[in-house]
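Here's a quick briefing for anyone meeting this structure for the first time. Have a look at the model, then read on.

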Amino acid sequence: MENKKKIAIIGAGPGGLAAGMLLSQLGYQVNIYEKNDRIGGRTALHKMGKYSFDVGPSALTMTHVLTSLFMDCNRNILDYVALLPINPIHTLYFKDITFPLYSDYSATKTVIKTYFPGEEDGFDRFMKENTKKMLYISPLNQFNYSSLFDFFRPTTIRALPSLSLGRSLMDDLARYFNSKYLRIAFSLQMRYLGMSPWDIPAAYSIIPFSEYYFGTFHPIGGQNKIVEAMQQVVMENKGKFYFNSEVTSFETNGNEITGAMLASGQSIKADYYFTNLDFMYSLTNKTTVKEKEKEYSASAFMLYLGLKTVLPFSHQSIIFPDNYREFANNTIHKKNLSKDLAIHITNPSATDNTMAPINHSSIRIMVSVPNNTSNIDWKEQTPDFRQLILDTVKERLEVPDLENYIEEEYIITPTDWEEKYHVKYGAIFGLQHLWNQQGFLHPTKKAPKFKNLFVIGAGAMASSSLPFIIENAQIATRKFLQKEKKSK
């Protein structure tokens, strides 16, 4: 039986789409409002001529979370998206050594044994101990942690030893690997969180672990195909999308939202509102959150290149500077641009021949840079910084004629992330994932409470990767259903 209650979802990023899938499947009237002319947010498709690019995420792991979302909607994800394994997961380029790492356990162990003899036992221990850590920590994602009480649940107490409190990820990795190269190899995933592996809590070792345990995948056509599939399910369930519809403010009455104002001046009326906006960006001065006192993640300088050649690189290549810690410190703490860069290159044409024409490549280059609290003038810095990136790639990957092949080019700077994508300070990974900014200390728990508002998406919790965004949408939906049940 169809439930006639209206739900307005603000933002058609993965969080909004996941909530839209679940709620429309339950028969609610779901309307999704998106300020852009397309879905996806930072998971959108960017096309330049005959080349296709993923704006944001470059790989998918923990695919079981996506599978379960579609199962909750009586769908099979494989009817919508074709997933290809990425192997090797990365090829790592240090100044004096280059090696690949695979999602296949035995293949990675063989690489470690070949390049770092004696370290393979540490890899075995890392995988074994993190399997246990994953079992204890994963259930914690199901809690709201809106109060201190949640920290005293039996599930939380059981997980405490696995949280490795007081240790950074790099401290933790030193227990498994003597080689500095392996410690960096098993912490480079922290670029997905915009943090330094010397700062982030040791509990986050489950992120590199998940790549090797669950595998890493690329949907044919790009990561954007996932959000397209999510949109399709919402539409099959009679949900509606409104594009070029930016929500600029809420109308409130006490602790209830009575409407959402669009930039056009139109007021949207609904029974419940789910906001997928970057939470820190959408806060106004009316809130009690002291946003400037928060610690924000790094930003990213992105270069998208359509090349009229095929490059002999794996799906993901990472170039490391001589001193990775100094690069991380400059980026996160000193807020300075480095001369010696860490560069992440995604070459989906190595896995998928639909992203560019035959004998061509769609290349995405990402460099972590300071967020906009640095006051860097990107209009002034962009030409020189772009050239530094290209010169580094040409030298380190031995492609001296790279620039001769560029047919299409597009750049996104931290200023663009803030102004075009409405990401606070251009910090694309949100707040830093520190203990004092998580759980009941997260700003979403401190902001004014409205009984018919639910916060979803990357800004609502302590991770910005797709599986965690989906899990958060599932948690928000369960909270909503509990509230609905009580009101009946």
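In this predicted model, T61 has T216 in β9 as its bridge partner. That pair belongs to the link between β5 and strand β9 (residues 216-219), which run antiparallel and are joined by 2 bridges. From there, the notes below work through the sheet, the hairpins, a covered strand, the cores and the protein as a whole.

**The open sheet around β9**
- β5 and β9 are part of an open sheet of 3 strands, laid out in the order β5-β9-β6 with antiparallel pairing.
- At the edges sit β5 (60-61) and β6 (83-85), each of which pairs on one side only.

**Two hairpins that share β12**
- Strand β11 (residues 247-253) pairs with strand β12 (residues 256-262) in the antiparallel sense, over 6 bridges.
- If you want a spot to look at, V247 has L262 in β12 as its bridge partner.
- There are 2 residues between the strands in this hairpin of β11 and β12, and G254 takes a positive phi near 65 degrees there.
- β12 also pairs with strand β13 (residues 267-268), again in the antiparallel sense, this time over 2 bridges.
- Here A260 stands opposite I268 in β13.
- The hairpin of β12 and β13 has 4 residues between its strands, and G265 in the turn has a positive phi of about 100 degrees.

**β15, a covered strand**
- How many of the 9 residues of strand β15 (residues 299-307) are buried? The count is 9 of 9, so to speak of it as mostly covered fits the definition of buried as under 20% relative accessible area.
- S299, F301, L303, L305 and L307 point one way from β15, while A300, M302, Y304 and G306 point the other way, and all are buried.
- β15 pairs with strand β18 (residues 361-369) in the antiparallel sense over 9 bridges, and L303 has I365 in β18 as its bridge partner.
- β15 pairs with strand β19 (residues 406-412) too, in the antiparallel sense over 6 bridges, with L307 standing opposite I406 in β19.

**The nonpolar cores**
- In soluble globular proteins, nonpolar side chains tend to be buried together.
- The largest nonpolar core here has 102 residues, and the ones with the most contacts inside it are F99, F186, F274, I389 and V393.
- Which residues does V393 touch, leaving aside those up to four places away in sequence? They are I319, I343, I345, I365, E398, V399 and L402.
- I365 is a name you've met already, as the β18 bridge partner of L303.
- Another core, of 13 residues, lies apart from the largest one, and M48, M302, W417 and F429 are among its members.

**An annotated stretch**
- The unreviewed UniProt entry carries a "transmembrane region" annotation that covers residues 7-28.
- In the model, residues 7-28 are 55% helix and 18% strand, and the C-alpha atoms at the two ends are 7 Å apart.

**The protein as a whole**
- The protein has 15 helices and 20 strands.
- Of its 488 residues, 58% are buried.
- Among contacts with a separation of 6 or more, 72% come from residues 24 or more positions apart.
- About 20900 Å² of the protein is exposed, and carbon and sulfur atoms supply 50% of that.

Technical notes: Residues are numbered from 1 along each chain as its sequence is written. This is a predicted model: local features need pLDDT of at least 70, side-chain atom pairs count only at pLDDT 80 or more; totals for chains, interfaces and linings use all residues. Side-chain values use heavy atoms; hydrogens and water are left out. UniProt positions are given in the numbering used here, feature names are shortened, and annotations may be inferred rather than shown by experiment. Two strands pair if DSSP finds at least two bridges between them. A nonpolar core is a set of buried Ala, Val, Leu, Ile, Met, Phe, Trp, Tyr and Cys residues joined through side-chain atoms within 4.5 Å. Buried means under 20% relative accessible area, exposed over 50%, partly exposed in between (1.4 Å probe, protein chains only). Contact means heavy atoms within 4.5 Å. Accessible areas come from the Shrake-Rupley method with a 1.4 Å probe; for residues, only the protein chains shown count as cover.
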